[in-house]
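Subject: Structure handover

Hello,

Here is the structure I said I would pass on. Please open it beside this message and look up each residue as you read.

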Amino acid sequence: MSWQGQISTMVRHLISDVDPSNYKYSSRRLETTILVASNILSTETDLNQTYDINVETCTLDPDPTEKATKDNDFIALVSFKTACIILGGEVKAESGNAIAIKDGPSSIDLRNVTGTLMGLYKDICAKYDQLLLDYKAGNSIAGKAILGPYSPGSDFVQRSNSDLDLRGGYFRY
């Protein structure tokens with residue numbers, strides 16, 4: 001499966017467009033949005049791999065999903081950025097429909113639809129921002145740089161968790 005299939009499937013799941021008989025977005029629209037997101041991502045950070053992105057011809061080279069050039073970070077970042085772009089468009093489109101109608105005892109209130117979409121949009125974009133921040137930080141584990149094998153205190157941690165402690169070696173209680 002190529003990038004069109006794998007990344008599009010991930011994006012469809014992020015935006016809840018997973019029913020093949022009732023897709024809201026065509027495959028072509030998702031692919032072009034993925035390429036737009038790829039272009040934006042390439043300006044936001046230095047990627048480990050250089051990609052040739054052409055929105056007009058709908059090409060992405062090299063394919064980030066191929067086994068030889070697999071780039072999981074790129075795939076995840078682009079998927080979330082694409083979902084963010086699509087949901088931003090949904091919020092904009094639905095904001096024009098945010099109305100409330102009351103006729104006697106009957107009422108229709110569509111204002112919460114936009115609020116719900118806005119919450120989803122903010123959530124997906126916040127996750128993208130966190131993924132991008134983690135990627136820029138080198139995907140390091142928090143605290144790993146602070147407490148390494150040669151840090152002050154690590155000697156105590158190693159001694160206090162050794163087999164000698166369990167047999168009553170270094171420390172006696």
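Below are the contacts, the hairpin and the surface patch that were found. Please keep in mind that this is a predicted model.

Aromatic rings

The search covered the whole structure and turned up one aromatic pair. The partners are Tyr51 and Phe74; their ring centres are 4.2 Å apart and their planes meet at 20°, so the pair counts as stacked. Tyr51 sits in the loop between α2 (27–44) and β1 (52–54), while Phe74 belongs to helix α3 (residues 72–95). With their positions 23 residues apart, the pair links distant parts of the chain. Tyr51 is buried, because its relative accessible area of 11% falls under the 20% limit. Phe74 is buried as well, at 1% relative accessibility.

Salt bridges

The structure has four salt bridges, and three of them are described here.

Arg12 and Asp17 are joined through their side chains, with 2.8 Å from N to O. Arg12 is buried at a relative accessible area of 5%, and Asp17 is buried at 6%. Arg12 has another contact to look at: Arg12 lies over the face of Tyr23, 3.5 Å from the ring centre.

Glu44 and Lys81 form a salt bridge in which the closest N and O atoms are 3.8 Å apart. This pair, too, links distant parts of the chain, as Glu44 is in helix α2 and Lys81 in helix α3, 37 residues apart. Glu44 is partly exposed, with a relative accessible area of 29%, whereas Lys81 is buried at 13%.

Lys127 and Asp123 meet at 3.4 Å, N to O. Both lie in helix α4 (residues 111–136), four residues apart, which is about one turn of the helix. Lys127 is partly exposed at 42%, and Asp123 is partly exposed at 35%.

Hairpin and surface patch

Strand β3 (residues 100–103) and strand β4 run antiparallel and are joined by four bridges. Ala100 stands opposite Asp109 in β4. The two strands make a hairpin with two residues between them, and Gly104 in the turn has a positive phi of about 65°.

Which residues form the nonpolar patch on the surface? They are Ile99, Ile101, Ile108, Leu110 and Val113, and together they have about 400 Å² of accessible area. Ile108 ties this patch to the hairpin, as its place is in strand β4 (residues 106–109).

Regards

Conventions: Residues are numbered from 1 along each chain as its sequence is written. This is a predicted model: local features need pLDDT of at least 70, side-chain atom pairs count only at pLDDT 80 or more; totals for chains, interfaces and linings use all residues. Side-chain values use heavy atoms; hydrogens and water are left out. Rings of Phe, Tyr and Trp (its six-membered ring) pair if their centres lie within 6.5 Å; planes under 30 degrees apart count as stacked, over 60 as edge-to-face and the rest as tilted. Buried means under 20% relative accessible area, exposed over 50%, partly exposed in between (1.4 Å probe, protein chains only). A charge sits over a ring if NZ of Lys or CZ of Arg is within 6 Å of the ring centre and within 35 degrees of the ring normal. Patches are made of residues with over 30% relative accessible area and no salt bridge: like charges are joined within 9 Å, nonpolar side chains (Val, Leu, Ile, Met, Phe, Trp, Tyr) within 5 Å. Accessible areas come from the Shrake-Rupley method with a 1.4 Å probe; for residues, only the protein chains shown count as cover. Two strands pair if DSSP finds at least two bridges between them.
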